[in-house]
Amino acid sequence: MSDIRQVAVVGAGTMGHGIAYVAALSGYVVRLTDALPAALDKARVQVAANLKGGMERGKLKEADRTRVEGNLSCEPNLARAVAGADLVVEAVVENLEVKQALFRDLARLVPSHAILATNTSSLPVGRLAQAVAPASRVIGMHFFNPVHLMPLVEIVVHAGTDDATREAVLGVARRMGKEPIVVKDSPGFASSRLGVVLGLEAMRMVEQGVASVEDIDKAMELGYRHPMGPLKLTDLVGLDVRLAIAEILHGELGGEQYRPPQILRKKVAAGELGKKSGQGFYKW
Ligand SMILES: NC(=O)c1ccc[n+]([C@@H]2O[C@H](COP(=O)([O-])OP(=O)(O)OC[C@H]3O[C@@H](n4cnc5c(N)ncnc54)[C@H](O)[C@@H]3O)[C@@H](O)[C@H]2O)c1
């Protein structure tokens with residue numbers, strides 16, 4: 001299905017609102033949905049803030065704002081949100097059971113030609129595909145945070161993904177102004193598998209008092225030209241999201257480098273989830 005016009009985004013959190021925003025900006029008709037009505041309210045505010053920021057920086061014109069406002073709608077009802085969709089991008093919590101249950105519902109609710117894409121950072125796409133017949137239309141579209149600024153999209157192809165599905169989402173990613181890479185369905189794909197190791201090791205260094213949070217980040221920013229240190233990045237990603245990814249990768253790949261450090265577990269238990277909660281390794 002190469003002629004994708006209507007996109008549904010399920011999950012309106014950190015990633016979902018950003019994917020919906022960029023898709024609408026790129027000319028797709030987008031419906032954004034979430035199990036929590038409050039998440040949709042927050043997403044509306046965040047999309048408005050993205051537009052305002054883009055206008056202020058001179059990146060967007062009035063026509064862009066009109067296009068986003070005309071193309072993007074929030075729809076709390078899942079069935080109504082995905083009806084008529086050519087592509088569904090799932091961006092709900094990083095939990096296999098939750099995503100599998102959602103994919104079973106989606107398989108019932110979407111048109112038979114619709115492509116089902118997951119934004120998972122670490123879960124096997126093939127296991128989500130088991131909930132869908134035919135599984136050939138299931139694929140990973142792994143966007144990065146913040147979606148409107150980050151150029152990479154990992155296109156994750158499981159053993160049963162067909163070529164038409166892969167080509168269609170490559171086209172969508174490019175139309176969204178992104179640089180897609182194609183990755184085999186293996187734990188953590190290319191990006192999370194490497195990025196999580198750096199983030200977890202930085203946390204172990206904080207635990208061991210090797211240097212301050214700020215200086216560990218500076219080591220990577222100034223010494224390795226990373227645009228942002230691994231601890232600040234963890235704050236942006238969300239500590240709960242990083243913990244979930246680390247647990248999945250530790251379970252799937254087994255290496256000690258993926259074992260979540262105590263400091264991460266403690267902060268998540270204390271509700272210190274990073275930027276979204278106002279406190280993580282930094283105060284926001
Ligand atoms: N945060 C990041 O930097 C980042 C980057 C790339 C990929 N991801 C992946 O994107 C996905 C979403 O992450 P996030 O950071 O946006 O999470 P988030 O917690 O900010 O948002 C998740 C949203 O999903 C909603 N939700 C949960 N279950 C639902 C269901 N069954 N139906 C509808 N809505 C449901 C929640 O209410 C919440 O609003 C995860 O798979 C994560 O691994 C995250």
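**Close-up views of a predicted model**

**View 1. Helix 10 (residues 230–237) is largely enclosed by the rest of the structure, because seven of its eight residues are buried.** A residue is called buried if 20 or more other C-beta atoms lie within 10 Å of its own, exposed if 12 or fewer, and partly exposed in between, with C-beta atoms placed from the backbone. Helices (H or I, at least four residues) and strands (E, at least two) are DSSP runs, numbered from the N terminus. The model is predicted: local features need pLDDT of at least 70, side-chain atom pairs count only at pLDDT 80 or more, and totals for chains, interfaces and linings use all residues. Residues are numbered from 1 along each chain as its sequence is written. In helix 10 the buried residues are Pro230, Leu231, Lys232, Leu233, Thr234, Asp235 and Val237. They pack against helix 8 (191–207), helix 9 (213–223) and helix 11 (239–253), where contact means C-beta atoms, placed from the backbone, within 7 Å. Gly238, just after helix 10, has a positive phi of about 110°.

**View 2. Strand 6 pairs with strand 5 and with strand 7.** Two strands pair if DSSP finds at least two bridges between them. Strand 5 (residues 115–118) runs parallel to strand 6, joined by three bridges, and Thr118 stands opposite Gly140. With strand 7 (residues 152–157) the pairing is antiparallel, over four bridges; here Phe143 faces Val153. Six of the six residues of strand 6 are buried. Val138, Gly140 and His142 point one way from the strand, and Ile139, Met141 and Phe143 the other way.

**View 3. Two cis peptide bonds are shown, one in the loop before strand 6 and one in the loop after strand 6.** The bond from Ala133 to Pro134 is cis, with omega near -5°; Pro134 is in the loop between helix 6 (125–129) and strand 6. Asn145 and Pro146 are also joined by a cis bond, with omega about -5°, and Pro146 is in the loop between strand 6 and strand 7.

**View 4. The ligand is surrounded by a shell of 27 residues.** A residue is near the ligand if its C-beta atom, placed from the backbone, lies within 6 Å of it. Gly11, Gly13, Met15, Ala39 and Asn145 come nearest. Helix 1 (14–25), helix 5 (96–109) and strand 6 (138–143) each supply at least two shell residues, and helix 1 gives the largest share, three. Domain 1 (6–184) and domain 2 (191–275) each contribute at least three residues; these bounds come from an automatic or database domain assignment.

**View 5. The largest nonpolar core has 78 residues.** Such a core is a set of buried Ala, Val, Leu, Ile, Met, Phe, Trp, Tyr and Cys residues joined through C-beta atoms within 7 Å. Val9, Ile19, Val88 and Ile139 have the most contacts inside this core. Leaving aside neighbours within four places in sequence, Val88 is in contact with residues including Val10, Leu106 and Leu116.

**View 6. Phe189 and Arg225 each have a positive phi although neither is glycine.** Phe189, with phi near 50°, lies in the loop between strand 8 (179–184) and helix 8. Phe189 counts as buried because 21 C-beta neighbours lie inside 10 Å. For Arg225, phi is near 60°, and the residue is in the loop between helix 9 and helix 10. Arg225 has 7 C-beta neighbours inside 10 Å, so it counts as exposed.

Technical notes. Two residues are in contact if their C-beta atoms, placed from the backbone, lie within 7 Å.
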